[in-house]
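Grab a coffee and work through these exercises with the structure open beside you. Each one sets a task and then walks through a solution.

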Amino acid sequence: MTINELQNNIIEEFSVFDDWMDKYALLIDLGNSLEPLDEKYKTESNLIEGCQSRVWLHADYKDGKIFFQGESDAVIVKGIVSLLIQVLSGHTPQEILDADLYFIDQIGLKEHLSPTRSNGLVSMVKQMQMYALAFRTKEENK
């Protein structure tokens with residue numbers, strides 16, 4: 001599936017709910033379904049700067065695609081991590097760098113997060129893009 005198809009699925013999933021309390025519940029469920037991050041990846045270098053809660057993000061590069069794993073100590077943030085991984089994991093560095101993550105605005109996520117959580121969301125996206133840039137550069141220099 002393309003990044004946009006995955007985003008459209010998420011938009012559809014969230015559009016079922018009108019009330020933001022239900023959307024938060026869905027986010028929490030998504031976070032709870034996220035595979036726990038192996039302790040060996042919970043390092044300072046995988047910790048995302050700019051997040052109010054602790055968020056770890058790890059990336060592996062296999063067969064030209066990036067696979068993300070992540071975790072947070074806050075349930076809603078863990079749900080956000082889960083959404084980003086769902087959309088971006090398993091794609092090429094270029095696809096990730098070219099992605100317009102419109103689902104964030106379309107499901108109303110940004111406007112329903114506190115300013116610090118919103119900054120954290122931006123930091124998570126930037127970190128994923130930095131991984132993509134690093135893997136792309138590494139590939140080009142082979």
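**Exercise 1: the cavity**

Which element gives the most to the lining of the largest cavity? Work it out, keeping in mind that this is a predicted model.

Solution. Start with the count: the search turns up one cavity of 30 Å³ or more. Its volume comes to about 40 Å³. Next, list the residues around it: Cys51, Gln52, Ser53, Val77, Thr116, Arg117, Gly120 and Met124. Now sort them by element, and helix α6 comes out on top, giving four residues to the lining. Helix α6 covers residues 115-140. Finally, look at chemistry: the lining splits into three nonpolar, four polar and one charged residue.

**Exercise 2: the hairpin**

Describe how strands β1 and β2 are arranged, and find the residue in the turn that has a positive phi.

Solution. First, place the strands: β1 takes up residues 55-62 and β2 residues 65-72. They run antiparallel, with eight bridges joining them. For one cross-strand pairing, go to histidine 58 in your viewer and you'll find glutamine 69 of β2 opposite. Then check the connection: two residues sit between the strands, making this a hairpin. The turn residue you're after is aspartate 63, with a phi of about 50 degrees.

**Exercise 3: one isoleucine**

Is isoleucine 80 buried or exposed? Back up your answer, then list its contacts beyond four places in sequence.

Solution. Begin with location: isoleucine 80 belongs to helix α3, which spans residues 75-88. Then take its relative accessible area, which is 2%. The cut-off for buried is under 20%, so isoleucine 80 counts as buried. Now for the company it keeps: leaving out residues up to four places away in sequence, isoleucine 80 touches Leu27, Leu109, Leu113, Leu121 and Met124. Met124 may ring a bell, as it also lines the largest cavity. For a distance across the fold, try isoleucine 28: its C-alpha atom lies 8.7 Å from that of isoleucine 80, although the two are 52 residues apart along the chain.

**Exercise 4: the salt bridges**

How many salt bridges does a search of the whole structure find? Track them down, and note how exposed each partner is.

Solution. The search gives three, so let's take them in turn.

- Step one: glutamate 39 pairs with lysine 42, with 3.3 Å between the closest N and O atoms. Glutamate 39 is exposed at 58% relative accessibility, while lysine 42 is partly exposed at 25%.
- Step two: lysine 42 also forms a salt bridge with glutamate 71, where the closest N and O atoms are 3.0 Å apart. This pair ties together distant parts of the chain, since lysine 42 is in the loop between α2 and β1 and glutamate 71 is in strand β2, 29 residues apart. Glutamate 71 is buried, at 11% relative accessibility.
- Step three: put those pairs together and you get a network of salt bridges linking Glu39, Lys42 and Glu71.
- Step four: arginine 136 meets glutamate 140, at 3.6 Å from N to O. Because they're four residues apart in helix α6, about one helical turn separates them. Arginine 136 is partly exposed at 25%, and glutamate 140 is exposed at 56%.

Notes. Residues numbered from 1 in each chain as written. Predicted model: local features only at pLDDT ≥ 70, side-chain atom pairs only at ≥ 80, totals over all residues. Heavy atoms only, no water. Pairing = 2+ DSSP bridges. Buried < 20%, exposed > 50% of the residue type's maximum accessible area, 1.4 Å probe, protein only. Contact = heavy atoms within 4.5 Å. Salt bridge = Lys/Arg side-chain N within 4 Å of Asp/Glu carboxyl O. 1 Å grid on protein atoms, 1.4 Å probe; cavity = no way out; pocket = protein on both sides within 12 Å on 5 of 7 lines; lining within 4 Å. Points joined across faces, edges and corners; volume = space filled by probe spheres on them. Nonpolar A, V, L, I, M, F, W, Y, C, P; charged D, E, K, R; others polar.
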